[in-house]
Amino acid sequence: MARDWEQQFRLWASPPGKTEEERCKNAVSAIRNAIRASNKLNTRNIRVFTQGSYRNRTNVRKDSDVDVGIVCTDVFFEDLPQGKSKADYSFSDSNYLYKQFKNEVGEALVSYFGEKAVDRSNKAFDVHETSYHVDADVAAFFQHRRYSSLSHYLEGIELRPDDNGSKRIINWPEQHYDNGVSKNTLTGKRYKAIARVLKSLSNEMATQGIAEADIPGFLIECLVWNVPNSAFQNLKYVDDVKQALFFLFENTKDIASCREWGEVSELKYLFSSSQKWTCHQANAFTIAAWNYAELGG
């Protein structure tokens, strides 16, 4: 019997259940308590927040871990307009360095959860899953400011990897969240539903050994973001998936058609030399997904 893809897509479109949601909330609460308990951090201006697919409600059952950001707003990294310097803005270097902040975050997590429960990686900390909470990816950030003039800037977050302290990783979680909510509203909540469908489809394909399915969930979310809202006007989920995949297939054949595409924040290009994926990988995924879900019939 042929598989009922409409029923499967509707199942995948739903977010994780209440039990998993509660375990995600528990992880965030515990991490917030760990930071509050630190004598080194509780004197600083610290904000603990969720980000990634959990915050944006595009998480799926298999990927139900939670991304937590810890940002110190006492210090900021900056991008200045061309031709401008720190002196023009009367900025001075802080004696509180990012490396020290990340070390203090790590100390706070180990003190609260125990040494065996926390692993430090190049960019973040992994707080291991328990029966009480899901696995948490915890990243330390300084505030990032992209200035357009002396008094105007966009606010994001920035981290520096352990293996290259000068490398800048800049994210825009608030802009990503706001844009995602807006598109989801304009598409009758189909945008995030179809993002979850394609993430789940990718996960299932990967378990079947389909190499083209092995692309980041974040990339899938951003690809769906670039699909026109008019593609999400169908009664059936199958038809929304068809239109989304067809649009993405046609427009990722060559970089010329998607060069201007942005991440959901619209503050970073989706396809650029700094990204760890290419439009050709995205195109290969659309073909594999179309064929796997038997959408040509």
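Select D126 and D137 first: D137, in β5, is the bridge partner of D126. The model on display is a predicted one. Widen the selection to strand β4, residues 125-127, and to β5; three bridges join these two strands, which run antiparallel.

**Strand β5 and its partners**

Keep β5, residues 136-147, on display. This strand is mostly covered, since ten of its twelve residues are buried. Now add β2, residues 66-79. The pairing of β2 with β5 is parallel and extends over eleven bridges. To see one position along this pairing, select C72 and F142: C72 stands opposite F142 in β5. C72 is buried, with a relative accessible area of 0%.

Next, select β6, residues 153-159, which runs antiparallel to β5 and is joined to it by six bridges. Two positions are useful to label here. Q143 stands opposite I157 in β6, and H144 stands opposite G156 in β6. In a regular strand, side chains alternate between the two faces of the sheet. Follow the chain from β5 into β6, and a hairpin of five residues is found to join them.

From β6, proceed to β7, residues 169-171; three bridges connect these two strands, and they run antiparallel. Label E158 and I170, where E158 stands opposite I170 in β7.

**The largest pocket**

Which residues lie nearest the centre of the largest pocket? Select I169, N171, F218, K276 and W277; these lie nearest its centre, among a lining of 49 residues. The elements that give two or more residues to this lining are α3 (52-56), β2, β5, β7, α6 (173-186), α7 (190-207) and α8 (217-225). The space in the largest pocket amounts to about 1,500 Å³. Colouring its lining by residue class gives 18 nonpolar, 15 polar and 16 charged residues.

**The second largest pocket**

Move to V75, F77, L97, Y98 and F142, which lie nearest the centre of the second largest pocket; 20 residues line this pocket. Two or more lining residues come from each of β2 and α5. The largest share, five residues, comes from β2. F142 has already appeared on this tour, opposite C72. The volume of the second largest pocket is about 490 Å³, and its lining divides into nine nonpolar, three polar and eight charged residues.

**Two buried residues, T50 and S200**

Select T50, which is found in strand β1, residues 46-51. T50 is buried, with a relative accessible area of 17%; the cut-off for a buried residue is under 20%. Beyond its neighbours up to four places away in sequence, T50 touches V28, R55, V66 and D67. Draw a distance from the C-alpha atom of T50 to that of F218: the separation is 15 Å, with the two residues 168 residues apart along the chain.

Then select S200, in helix α7. S200 counts as buried, at 10% relative accessibility. Leaving aside residues up to four places away in sequence, S200 touches W12 and V60.

**Cysteines**

How many disulfides does the structure hold? The number is zero. Select C258 and C279 to examine one pair of sulfur atoms. The sulfur of C279 has its closest cysteine sulfur in C258, at 4.4 Å, and this is too far for a bond, because a disulfide requires the two sulfur atoms to be within 2.5 Å. C279 is buried, with a relative accessible area of 4%.

**Two residues with positive phi**

Most residues other than glycine have a negative phi. Two positions with a positive value close the tour.

Select S90, in the loop between α4 (86-89) and α5 (98-113). The phi of S90 is near 60°, a positive value in a residue other than glycine. Is S90 buried or exposed? S90 is exposed, with a relative accessible area of 66%.

Finally, select E294, in the segment after α11 (279-292). E294 is not a glycine, yet its phi is positive, at about 55°. With 55% relative accessibility, E294 counts as exposed.

Conventions. Residues numbered from 1 in each chain as written. Predicted model: local features only at pLDDT ≥ 70, side-chain atom pairs only at ≥ 80, totals over all residues. Heavy atoms only, no water. Helix = DSSP H or I, 4+ residues; strand = E, 2+ residues; numbered from the N terminus. Buried < 20%, exposed > 50% of the residue type's maximum accessible area, 1.4 Å probe, protein only. Pairing = 2+ DSSP bridges. 1 Å grid on protein atoms, 1.4 Å probe; cavity = no way out; pocket = protein on both sides within 12 Å on 5 of 7 lines; lining within 4 Å. Points joined across faces, edges and corners; volume = space filled by probe spheres on them. Nonpolar A, V, L, I, M, F, W, Y, C, P; charged D, E, K, R; others polar. Contact = heavy atoms within 4.5 Å.
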